[in-house]
Structure formats: C-alpha cells, structure tokens
Amino acid sequence: MTVLVTGARGRVGRAVLHRLGDAGVPVRAASATAEADPAGGEPPVHLDLDDPDTFPAALKGIRRVFLYARPGTAERFVREAADAGVEHVALLSSLAIDADDAQDSPIARLHLEVEEALRASALSWTFVRPGAFATNALQWAAPIRAGRSVRLAYPDTYSEPVHEGDLADVAVRALLDDAHRGAVLRITGPESLSARRQAELIGQAAGVRVAVERIGREEQRAQLAAVLPEAFADTMLTYQEQRDGRPGTPLPDAERVLGRSTVSFAAWAREHAAAFR
C-alpha cells in the first residue's frame, strides 16, 4: 500500500510524509516541482494539481492519498484516482466550511468544492478541517527579528492555533485508520488566544521584546492583498473582526483521534524561537 502525499514541500505535507516514512509506510512525495524530500520512500514525483496531465503518473500504483484542496480540477483528480485504484483520500480541508457565513467565504467555497467531489465519488474519504495554524505566526518573524512592532488591524482577535505536528498526526491517522473513513475531523489547538497574547508568548520564548501596534484595516488589507487574492484578504479580515475580543472554544477532535493532549502555542513558540531571534 503506497501513499501519495501531495504538497510535500509544505509544512504539513512534509510532516505527514516523514511520519509515514518513520512508520514504515511506503510513500511517494508529490509536488509541483518534484523537489520534495522522499523521506526514505520512492523518488519524488511531479504533480501539479492545476495540470491534469500530471495526474496519471503520480497516481500509478497508489492506494491512499493525502490531498491538498485544489478546486477546478478536483473532479478530474478524483475520477483519475478512482481509475488508478486509489481506495481512500484524506483531504486537508478547512474549518471555514463550518462558519455560519461559509457561503460567502471564498476560502470555504474552495475547500467545499473538493469535499463535494469526493462525496460524489466511489472513493472513501476523511476530511481534516483545521482552523488557524500556529505557523501563521511565522509571518511576524521578520519584523520581530528587526526589532519592529507586529502591526495588526485586530490585535485582540482570537483563534485556536494548531501545531503543525498535531495536524500531521491527525492526517496520518485519517490515512491509516479505517475507523475514520467517512469522518469530518474538526481540528484546533488546545486554547483560544488573542493575536496579542500569541506575540507575547513568542517574545517570552525567544527572549526578545515584542511590541504590538494597531493599524487601520485598509493598511492591513493592502499588506494581505500583496500576497493573497483580494477576496481572501477581505475574508480573513472579516473573520478577524468577528473574533475581535471574542475567545472561542477549542474543539475536541484532535485529542480524541490522537488519544493525547495537543501541543500548546507556548510550546510551539519555544520550538520555533530561533526564527524570531
């Protein structure tokens, strides 16, 4: 049983790849550049989820897939996966789908399109829907290293950041444990924290002073729109506004699936402290 890991150059995909390799599971790393670390498995394979011509070679001999969500070609990928003999797909989806305004969110719609393609297929599936990633805080690393403030439109917005290792561990269980077939796993970290508090914890872990400065929404929108589609930038800012000063409730699925406590943001900050020094 060989597992195809898409997005193997990304933080989560790479972690899934190495965990499968460490467990002795045959793996095939796939990325758009075919430069992924093989993690002791087969040589990396070129797979561009926007290019269906790359699907057949990547899927040959594969029985399970860790899939990053990519709309547009999802139905084609699912169809070719079934034709190639794939049995099960663990999809890295998004908790945005669960929001009350999901129909207005391009992030939710993107992931939902891929979920729907899998639901309509003959393949078995598990949907792993994470909320905020702890690694999102790495976007603050450059200003913190330079001694500048972290500039945010909503510094008191709350999230429940999940450690990338916990997310990868859940994804591996979703791939290998048939008990999770047909399940929707909603994944958060173990605590609800404001962005301001996350910055404080990073400062404590790195031994540096971290100042947080409030800026206007339009200024932050311009920063986000420089690296994201404008619709995504607007969606992210609206979410931050909705959670401004409003702690949430961490969800239990990760700890239930893993049978252990998940990693705190403070521990994540200690692990990544060097990035902020």
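## A walk through the salt bridges and the domain contact

Start by selecting Arg70 and Asp50: their side chains meet in a salt bridge, 2.9 Å from N to O. The two come from distant parts of the chain, 20 residues apart. Arg70 sits in the loop between β4 (62–68) and α3 (74–84), while Asp50 belongs to the loop between β3 (42–46) and α2 (55–59). Colour by accessibility if you like: Arg70 is partly exposed at 32%, and Asp50 is partly exposed too, at 48%. Keep in mind as you click around that this is a predicted model.

That pair is one of 20 salt bridges counted here.

**Next stop: Asp169 and Arg260.** Pick these two and you'll find another salt bridge, 2.8 Å from N to O. Asp169 is in helix α6 (residues 164–176), and Arg260 is in the loop between α10 (253–258) and α11 (265–271), 91 residues apart. Are they buried or exposed? Asp169 has 21% relative accessibility, so it counts as partly exposed, given that buried means under 20%. Arg260, at 33%, is partly exposed as well.

Now add Arg19 and Asp166 to your selection. Together with Asp169 and Arg260, they are linked in a network of salt bridges.

**Then a pair within one helix.** Show helix α7 (residues 195–206) and look for Arg197 and Glu200, three residues apart, or about one turn of the helix. Their closest N and O atoms are 3.1 Å apart, in a salt bridge. Arg197 is partly exposed at 33%, and so is Glu200 at 37%.

**Zoom out to the domains.** Colour residues 2–130 as domain 1, then give 133–161, 189–248 and 263–276 a second colour for domain 2; these bounds come from the domain assignment. The C-alpha centres of the two domains lie 28 Å apart. Where they touch, each domain contributes eight residues.

How much area do the two domains bury between them? About 630 Å², with 79% of it on carbon and sulfur atoms. On the domain 1 side, select Arg11, Pro106 and Ile107: these lose the most area to domain 2, together 59% of what that side buries.

After all those salt bridges, what does the rule find across this interface? Zero salt bridges, though one residue pair is in polar contact. Finish by showing α1 (11–22) and α4 (106–119), the elements that give two or more residues to the domain 1 side. Of these, α4 gives the most, with three residues. The residues on that side divide into five nonpolar, one polar and two charged.

Notes. Residues numbered from 1 in each chain as written. Predicted model: local features only at pLDDT ≥ 70, side-chain atom pairs only at ≥ 80, totals over all residues. Heavy atoms only, no water. Domains from an automatic or database assignment. Contact = heavy atoms within 4.5 Å. Buried area = accessible area lost by both parts, 1.4 Å probe. Salt bridge = Lys/Arg side-chain N within 4 Å of Asp/Glu carboxyl O. Polar contact = N/O pair within 3.5 Å; in protein donor to acceptor, adjacent residues only side chain to side chain. Helix = DSSP H or I, 4+ residues; strand = E, 2+ residues; numbered from the N terminus. Nonpolar A, V, L, I, M, F, W, Y, C, P; charged D, E, K, R; others polar. Buried < 20%, exposed > 50% of the residue type's maximum accessible area, 1.4 Å probe, protein only.
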